[in-house]
Amino acid sequence: MNFFDAHSIVSQLGLAGVLAIVFAETGLLFGIAFPGDSLLFIAGVAASGSGAAILGNAHLPAALLFTLTPLAAIAGGEIGYLLGSKYGRGLFDRPDGRIFNHRRVVATERWLAKYGTGKALVLARFVPVVRTLINPMCGVVGLDKKQFRLWNAVGAVIWTELVLILGYVLGDVL
């Protein structure tokens with residue numbers, strides 16, 4: 001089983017694997033290497049009628065996929081925010097840390113100020129490494145929880161549904 005290969009995840013783990021990877025990639029720092037966009041696209045293809053045959057009959061139930069995947073992304077974002085707000089400051093306040101350092105906190109604050117919270121959180125969903133880091137970093141910088149929840153949900157729905165639909169439509173065309 002290869003957790004970094006979208007086709008392998010869809011064909012061997014099915015819907016549960018897709019949901020687990022989306023959750024981990026959006027909420028847990030070790031999810032940074034998972035194939036989020038390509039996984040959603042392949043899952044959309046697998047949910048389409050003719051596309052599943054291309055993937056070796058790896059078929060996913062479309063209704064469940066389109067309903068549960070945004071929920072997994074929302075839940076992952078919420079967990080990431082919670083972990084960042086509870087444990088993040090201690091990690092990121094070190095000036096000399098290679099990965100966890102205060103520069104990352106400043107960069108996140110600039111990103112949120114430059115684009116605004118809503119646009120920053122929605123855009124972050126479409127950038128692989130940023131998608132994983134933005135949620136805990138929002139907790140670290142103390143972003144308002146209600147504002148985070150709103151834009152986390154909006155970004156999760158737009159990202160998952162858009163990429164799933166692209167895969168689904170292409171799967172039906174093939």
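Here are a few friendly exercises on the structure above, each with a worked solution.

Before you start, note that this is a predicted model, in which local features need pLDDT of at least 70, side-chain atom pairs count only at pLDDT 80 or more, and totals for chains, interfaces and linings use all residues. Residues are numbered from 1 along each chain as its sequence is written, and side-chain values use heavy atoms, with hydrogens and water left out.

**Exercise 1. The overall fold**

Work out how many helices and strands the protein chain has, and what its radius of gyration is.

Step 1. Helices (H or I, at least four residues) and strands (E, at least two) are DSSP runs, numbered from the N terminus.
Step 2. By that rule the protein chain has eight helices and zero strands, so its elements read α-α-α-α-α-α-α-α from the N terminus on.
Step 3. The radius of gyration is taken over C-alpha atoms, and the globule rule is 2.2 Å times the number of residues to the power 0.38. For 174 residues a compact globule would have a value near 16 Å, and the 17 Å of the protein chain agrees with this.
Step 4. To add dimensions, the C-alpha trace spans about 50 × 30 × 20 Å along its principal axes.

**Exercise 2. Burial and contacts**

Find what share of the residues in the protein chain is buried.

Step 1. Buried means under 20% relative accessible area, exposed over 50%, and partly exposed in between (1.4 Å probe, protein chains only).
Step 2. Of the 174 residues in the protein chain, 47% are buried.
Step 3. Now turn to contacts, meaning heavy atoms within 4.5 Å. Taking those with a separation of 6 or more, 70% are between residues 24 or more positions apart.

**Exercise 3. A bent helix and its partner**

Locate the bend in helix α7, and identify which residues Thr108 touches.

Step 1. The bend at a residue is the angle between axes fitted to the seven residues ending there and the seven starting there.
Step 2. Helix α7 (residues 128-140) bends by about 35° at Ile134, with the proline Pro136 following within four residues.
Step 3. The buried residues of α7 include Ile134, Pro136 and Met137. Just after this helix, Gly142 takes a positive phi of about 75°.
Step 4. Thr108 sits in helix α5 (residues 102-115), and its relative accessible area of 9% makes Thr108 buried.
Step 5. Not counting residues up to four places away in sequence, Thr108 touches Ile134, Met137 and Val141. Between Thr108 and Met137 there are 6.7 Å from C-alpha to C-alpha, although they are 29 residues apart in sequence.

**Exercise 4. Val10 and Arg149**

Decide whether Val10 and Arg149 are buried, partly exposed or exposed.

Step 1. Val10 belongs to helix α1 and, at 3% relative accessibility, counts as buried.
Step 2. Leaving aside neighbours within four places in sequence, Val10 has contacts that include Val18, Leu39, Ile42 and Leu60. The C-alpha atoms of Val10 and Leu39 are separated by 7.6 Å, with their positions 29 residues apart along the chain.
Step 3. Arg149 lies in helix α8 (residues 145-173) and counts as partly exposed, at 45% relative accessibility.
Step 4. Arg149 and Ala16 are 133 residues apart along the chain, and their C-alpha atoms are separated by 24 Å.

**Exercise 5. The N-terminal segment**

Say where Asp5 lies, and how far apart Asp5 and Arg110 are in space.

Step 1. Asp5 is in the segment before α1 (6-27). With a relative accessible area of 32%, Asp5 is partly exposed.
Step 2. From C-alpha to C-alpha, Asp5 and Arg110 are 33 Å apart in space, and 105 residues apart in sequence.
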